[in-house]
Amino acid sequence: MSKMKDRTREAIIPNAHTFEAAESTMLTIQEREGYSVEDYLEQVERIVHMTFPDENRRTKIDPNTWQVRLLTQEFVGVQFRPMTQLKVFYDEKGLHITVSELDLDMPPQFQVDSPLLKVEGILKTATRLPRNKVILRGSVKMTLTTDLPAPFMAIPGVQNVAEAVMKRIITQLKQSLEAGLAKDYEQWTQRQVATPAASS
C-alpha cells in the first residue's frame with residue numbers, strides 16, 4: 001500500500017480529534033461432534049475469505065496479515081474507499097483481529113494526513129449448550145485520531161457524523177461475519193469428513 005506508513009509508533013498530530021465506535025455480536029453454531037468450533041476458528045485465512053469474499057478487495061501479505069479495500073463510504077457528501085491492513089490470528093483467548101494502518105483514499109482536497117487508527121476485535125466461545133450448540137461472543141472497538149481538514153471542521157456535529165461512518169464500517173463487517181460464519185463452519189466440517197487430511 002503506497003500511501004500507508006507505520007501507524008504503530010507514537011505520534012503527535014496538531015489539532016487532533018479522536019473518534020470512536022464499538023460493536024458487539026453473538027452467534028450460535030451447531031457444533032459437529034469431533035470438529036470443534038475452536039479448531040474452525042484457527043483457520044484464519046478461511047475466515048478472512050468468508051468475511052471478504054471478493055478476492056479483488058484483499059491481498060495476503062503474510063500468513064496472518066491482509067491488505068483489504070473496504071466498501072465505499074460517504075462522509076458529508078464525500079465518497080471514499082478506505083484501504084486498511086488486517087492482522088488476524090487465533091490463540092487460547094479466541095480469534096483476534098487488529099488494525100493499525102489506514103489509507104482513507106479521499107479526494108486530494110480532503111486528504112487526511114497520517115490518521116492514526118486502532119482496531120481491536122475478538123471472537124470467542126462463550127457458552128456450550130445442550131445438543132452441541134455453541135454460543136460465540138465477539139466485540140470490536142475502533143479509534144481514529146486525525147487532524148480533519150478545515151472544510152470538515154466547519155460542519156456542525158462533525159464528531160457524530162464521523163463516528164456514524166465508523167459505526168457503519170464495523171457494522172458491515174459484523175453483518176458479513178454473522179451472515180456467513182455458521183454456514184462456513186458447516187462447509188468446513190463437511191470438507192473435513194470428506195478429506196480428513198485437509199488442513200482447512
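Let's start at Leu 181. Setting aside neighbours within four places in sequence, Leu 181 is in contact with Leu 27, Ile 29, Tyr 40, Met 50, Leu 123 and Leu 136. Please keep in mind throughout that this is a predicted model.

Where do those contacts lead us? The largest nonpolar core has 44 residues, and Leu 181 is among those with the most contacts inside it, along with Tyr 40, Leu 41, Phe 75 and Leu 136. Which element gives the most to this core? That is helix H4, residues 158-194, with 10 residues. As a reminder, nonpolar side chains in soluble globular proteins tend to be buried together.

Let me step back for the overall layout. The protein has four helices and nine strands. Going along the sequence, the pattern reads β-α-α-β-β-β-β-β-β-β-β-α-α. Of the 200 residues in the protein, 41% are buried. And if you take the contacts with a separation of 6 or more, 63% of them are between residues 24 or more positions apart.

Now, the sheet. There is an open sheet of seven strands, paired antiparallel, and the order is S1-S9-S8-S7-S6-S3-S2. Which strands sit at the edges? They are S1, residues 17-30, and S2, residues 58-62, each pairing on one side only. On average, neighbouring strands in this sheet are turned by 20 degrees against each other, ignoring direction.

Back to our helix for a moment, since H4 packs on this sheet. H4 touches S1, strand S8 (116-129) and strand S9 (133-146), and its direction makes about 20 degrees with that of S1.

Let's walk over to the other end of the strand order, where S3 pairs with S2. S3 covers residues 65-69 and runs antiparallel to S2, with four bridges joining the two. The connection is a hairpin, through two residues. If you'd like to follow the register on screen, Arg 58 has Val 68 as its bridge partner in S3, and Thr 59 has Gln 67.

On its other pairing, S3 is joined to strand S6, residues 83-91, by five bridges, again antiparallel. Here Gln 67 stands opposite Gln 85 in S6. So Gln 67 is a nice residue to click on: Thr 59 is its partner in one pairing, and Gln 85 is across from it in the other.

How covered is S3? Five of its five residues are buried. Thr 65, Gln 67 and Arg 69 point one way, Trp 66 and Val 68 point the other way, and all are buried.

Next, the aromatics. The count comes to four aromatic pairs. Let me show you two of them. In the first one I've picked, Tyr 35 and Trp 188 have ring centres 6.4 Å apart and planes at 90 degrees; anything over 60 counts as edge-to-face, so that is what this pair is. The partners come from distant parts of the chain: Tyr 35 is in the loop between S1 and helix H1 (37-41), Trp 188 is in helix H4, and they are 153 residues apart. Buried or exposed? Tyr 35 is partly exposed at 24% relative accessibility, whereas Trp 188 is buried, at 4%.

The other pair is Tyr 40 with Tyr 185. Their ring centres are 5.6 Å apart and their planes are at 85 degrees, so this pair is edge-to-face too. Tyr 40 lies in helix H1 and Tyr 185 in helix H4, so the pair ties together parts 145 residues apart in sequence. Both tyrosines are buried. And the two pairs belong together: ring pairs link Tyr 35, Tyr 40, Tyr 185 and Trp 188 into a cluster. You'll remember Tyr 40 from the beginning, as one of the contacts of Leu 181.

There is also a charge over a ring elsewhere: Lys 87 lies over the face of Phe 89, at 5.7 Å from the ring centre.

I'll finish with one more residue of helix H4, Arg 168. Arg 168 is partly exposed, with a relative accessible area of 34%. Which residues does Arg 168 touch, leaving aside neighbours within four places in sequence? They are Gln 73 and Glu 74. With Gln 73, the C-alpha to C-alpha distance is 8.6 Å, across 95 residues of sequence.

Thanks, everyone!

Note on methods: Residues are numbered from 1 along each chain as its sequence is written. This is a predicted model: local features need pLDDT of at least 70, side-chain atom pairs count only at pLDDT 80 or more; totals for chains, interfaces and linings use all residues. Side-chain values use heavy atoms; hydrogens and water are left out. A nonpolar core is a set of buried Ala, Val, Leu, Ile, Met, Phe, Trp, Tyr and Cys residues joined through side-chain atoms within 4.5 Å. Buried means under 20% relative accessible area, exposed over 50%, partly exposed in between (1.4 Å probe, protein chains only). Contact means heavy atoms within 4.5 Å. Two strands pair if DSSP finds at least two bridges between them. Axes are lines fitted to C-alpha atoms, for helices over the stretch in contact, and angles run from 0 to 180 degrees between N-to-C directions. Rings of Phe, Tyr and Trp (its six-membered ring) pair if their centres lie within 6.5 Å; planes under 30 degrees apart count as stacked, over 60 as edge-to-face and the rest as tilted. A charge sits over a ring if NZ of Lys or CZ of Arg is within 6 Å of the ring centre and within 35 degrees of the ring normal.
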